[in-house]
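Thanks, everyone. I'll go through the charged residues in this one, with a stop at a buried loop position on the way.

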Amino acid sequence: MTLEGSEAPDFTLESTSGGDVSLEETLESGPTIVLVNRGHWCSFCAEQLATFSRVYEDLHFNEGVDVLPVVTSEAPKLVEMRDRFDYDFQLLADPDGEVAEQYSGTEQTSHGLTGIAGTYVVDTDGQVRYEQVADDLTDRTYGNWVRYFIRNDFEDAFGE
């Protein structure tokens, strides 16, 4: 199942800042990038999030873009992850995988229930303009590519 070209499922999750964050609220100020991550222990997720952290300030202040990393871990573990890697955005706790299941899906692993890694760009109308679901743990879309995608009016600036 693909979400590209359809309306993104709305959600509200607990943030590492202590409050709740919803997709609907973030779309009021600009496009939103939804990242589904496997868990606080995933090094590939940490690497991908670092690439988004490097471009976050530019995207947020110049394009109104929010980044919503949905991670299938409890909030206290995500606070540790956020602080350890010094991310410029908050992480959203989805410990039961309910949001991950609506997007890229979930799977049982040696770490328990985890989200399947996915990247989604949602425009201000709530439409998914880009979707990438990882076929492999290392298969990720990075922040700089998404920055060019948004600035190129949701078209692949590199023609691929």
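Asp10 counts as partly exposed, because its relative accessibility is 40%. Keep in mind that this is a predicted model. Asp10 sits in the segment before strand 1, which covers 12–15. On the surface, Asp10 belongs to a patch of negative charge whose members also include Glu7, Glu14, Asp20, Glu24 and Glu25. Glu28, Glu74, Asp96 and Glu98 are in that patch as well.

Glu74 takes us to another acidic residue, Asp94. The two are 20 residues apart in sequence, and their C-alpha atoms are 7.0 Å apart in space. Asp94 is in the loop between strand 5 (92–93) and helix 4 (98–102). Is Asp94 buried or exposed? Its relative accessibility is 3%, so Asp94 counts as buried. Leaving out neighbours within four places in sequence, Asp94 is in contact with Leu13, with the run Val70, Val71, Thr72 and Ser73, and with Val99 and Ala100.

Next, Asp66, which is in strand 4. Asp66 is also buried, and it has no salt bridge. Which side chain of opposite charge is nearest to Asp66? That is Arg82, and it is 14 Å away. What does Asp66 touch, then, beyond residues up to four places away in sequence? The list is Thr26, Ser29, Pro31, Thr32, Ile33, Tyr56 and His60.

Arg82 itself does have a partner: it forms a salt bridge with Asp83, with the closest N and O atoms 2.9 Å apart. Arg82 is buried, at a relative accessible area of 15%, while Asp83 is partly exposed at 48%.

Now the loop position I mentioned. Val65 is in the loop between helix 2 (43–63) and strand 4 (66–71). With a relative accessibility of 0%, Val65 counts as buried. Its C-alpha atom is 5.1 Å from that of Gly30, and those two residues are 35 apart along the chain. Beyond its neighbours within four places in sequence, Val65 is in contact with Pro31, Ile33, Tyr56, Leu59, His60 and Ile150.

On to the salt bridges. How many are there in total? The count comes to six. One of them joins Arg38 and Glu107, where the closest N and O atoms are 2.7 Å apart. Arg38 is in the loop between strand 3 (32–37) and helix 2, and Glu107 is in strand 6 (residues 106–109), so this pair ties together parts that are 69 residues apart in sequence. The two ends differ in cover: Arg38 is buried, with a relative accessible area of 8%, whereas Glu107 is partly exposed at 32%.

Another salt bridge runs from Arg151 to Asp58, with 2.9 Å between the closest N and O atoms. This pair also links distant parts of the chain, as Arg151 is in helix 5 (residues 143–151) and Asp58 is in helix 2, 93 residues apart. Both ends are partly exposed: Arg151 has a relative accessibility of 38%, and Asp58 has a relative accessible area of 22%. Which residues are linked with these two in a network of salt bridges? They are Glu63 and Arg147.

That is what I have. Questions are welcome.

Terms used:
Residues are numbered from 1 along each chain as its sequence is written. This is a predicted model: local features need pLDDT of at least 70, side-chain atom pairs count only at pLDDT 80 or more; totals for chains, interfaces and linings use all residues. Side-chain values use heavy atoms; hydrogens and water are left out. Patches are made of residues with over 30% relative accessible area and no salt bridge: like charges are joined within 9 Å, nonpolar side chains (Val, Leu, Ile, Met, Phe, Trp, Tyr) within 5 Å. Accessible areas come from the Shrake-Rupley method with a 1.4 Å probe; for residues, only the protein chains shown count as cover. A salt bridge is a side-chain nitrogen of Lys or Arg within 4 Å of a carboxyl oxygen of Asp or Glu. Lys and Arg count as positive and Asp and Glu as negative; His and the chain ends are not counted. The place of a charge is taken as NZ of Lys, CZ of Arg, CG of Asp or CD of Glu. Helices (H or I, at least four residues) and strands (E, at least two) are DSSP runs, numbered from the N terminus. Buried means under 20% relative accessible area, exposed over 50%, partly exposed in between (1.4 Å probe, protein chains only). Contact means heavy atoms within 4.5 Å.
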